[in-house]
Amino acid sequence: MAKTLKLSDRSNIAVFRALDILRQVNEREATGENIVRMGAGQPCFGAPQGALDYAVEVIKRDPTQGYTEAVGTPALRERIAQYYNDYYGVSVSPAQIVITTGSSSGFILDFIAAFDEGARIAVTTPTYPAYRNILKSLNLQVVEIESRAEDNYQPTLDLLKNCDEDFDGLIINSPSNPAGTMIDEIEFEKICLWCEERGIRLISDEAYHGITYGEKAQTALKYSDTAIVLNTFSKYFAMTGWRLGWTVLPLDVAERVKKLSESLFVSAPTISQHVAYKVFDYIDELDTYVECYRKNREILMRELPLANIPTFTNAAGAFYVYADVHHLTNDSEVFCARMLDEAHVSTTPGVDFDLTRGAHGIRICYADSEEKIIEACKRLKNWQS
Ligand SMILES: Cc1ncc(COP(=O)(O)O)c(C=O)c1O
């Protein structure tokens, strides 16, 4: 009799519910059901038309579209370095930049480069669930620290200092998924310095930079020379399915990431790199997308209380609000499933983001058209009436 073959423990990770809901919604829509999508976190917009036209031109000129250098095309890396100068006033060398397949692959590269097996990485909950899953699959340990509603679900130096567990790395995500909240800038600077002093590697996930409704977000590079920064073309740049991101690294880390990238991914998608280079010419158009999210956010903030959801985060960026539904359920997963069945609106249960308190929360993504957001609010109000 054949022996039962073992599966690795490290691959035994939780399901990523936002993507599971995306799959369910796709299946339901294929049978004709009409759903307003507030589950998965992706813009309803595509890359600006000018960048798409450029992609067609590039393919005609060079149908082969072979590999690029593992770290990405020099032109795109220079363009990104220029963007740091223009947007943040921070000087970055192209040698510090590595282009990745979405920021998701950047996390794998950066975690492997910065940490040995068993290292302890802190995240503050509620948090983007893939951090936990990627870390676990790399045999890294996750230290979960509960952030406080009164701190906008972002870390403060006090919260970190009072944590009774030690950690080797800390992930910060501002504006955040799922809360859409931003870290206080003074706290951010203090945390960057504290991490440097204590030899804690700060990882700043800046995926939602550019999508802010008041103060713009500051990069960790402004405060730290040792921080690792990740960003993506999936959110502000509206190139989600082109699967492209980048990471900015101290030079010693960049050298390791370059070698890892050669062997783990060879290179990020070539055509996407060409489009990304061009997309920087369309910042004005991308900013009109942000204006649409801003309007959607206002609609939601006005309408959610009328749908019996009066408490949610003060979202200053990204395209999410994280709402408190403790008065409606003890099980956010069941609640979201019922909402999908009965109101035909998809959202993501809080247990994806917060293992201890998430049963009482849901994430609502408002990156769809204004018309769809108005329709979702109508459906939720009818459902709750
Ligand atoms: C906070 C955060 N980081 C990273 C990602 C990964 O995005 P991508 O791999 O498309 O760059 C996401 C996607 O939703 C996210 O919300």
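Just after helix H1 comes Gly32, a residue with a positive phi, near 100°. The model is a predicted one, and H1 makes a good place to begin reading it. This helix runs over residues 17-30, and its 14 residues should span 20 Å at 1.5 Å a residue; the end C-alpha atoms are indeed 20 Å apart, which agrees. Four of its residues are buried, namely Arg17, Ala18, Ile21 and Val25. Because these cover an arc of only 95° around the axis, they sit on the same side of H1. The other side of H1 carries exposed residues: Arg23, Asn26, Glu27 and Ala30. As for what lies over the buried residues of H1, the cover includes strands S1, S10 and S11, the last of these being residues 348-349.

Two of those strands turn up again around helix H12, where the cover of the buried residues includes S1 (36-37) and S10 (345-346), along with H10 and helix H11 (332-343). H12 itself has 15 residues, and the distance from its first C-alpha to its last is 21 Å, close to the 21 Å expected at 1.5 Å a residue. Its buried residues are Ile373, Ala376, Cys377 and Leu380. Viewed down the axis of H12, these fall within an arc of 100°, so they line one face of the helix. Glu371 and Asn382, by contrast, are exposed on the other side of H12.

The contact between H12 and H10 leads on to the last helix considered here. H10 comprises the 21 residues 283-303, which should span 30 Å at 1.5 Å a residue; a separation of 30 Å between its end C-alpha atoms agrees with this. Buried along H10 are Leu286, Tyr289, Tyr293, Asn296, Arg297 and Leu300. These residues share the same side of H10, because the arc they cover around the axis is only 105°. Turned away from that buried side is a face with the exposed residues Asp284, Asp287, Thr288, Glu291, Lys295 and Arg302. The buried residues of H10 are covered by elements that include strand S9 (320-324), strand S12 (361-365) and helix H12 (370-384).

Read together, H10 and H12 cover one another: H12 is among the elements over the buried residues of H10, and H10 is among those over the buried residues of H12. H1 is linked to this arrangement through strands, since S1 and S10 help to cover its buried residues and also those of H12.

Conventions. Residues are numbered from 1 along each chain as its sequence is written. This is a predicted model: local features need pLDDT of at least 70, side-chain atom pairs count only at pLDDT 80 or more; totals for chains, interfaces and linings use all residues. Helices (H or I, at least four residues) and strands (E, at least two) are DSSP runs, numbered from the N terminus. The expected span of a helix is 1.5 Å times one less than its number of residues. A residue is buried if 20 or more other C-beta atoms lie within 10 Å of its own, exposed if 12 or fewer, and partly exposed in between; C-beta atoms are placed from the backbone. The arc is that of the directions from the helix axis to the C-beta atoms. Two residues are in contact if their C-beta atoms, placed from the backbone, lie within 7 Å.
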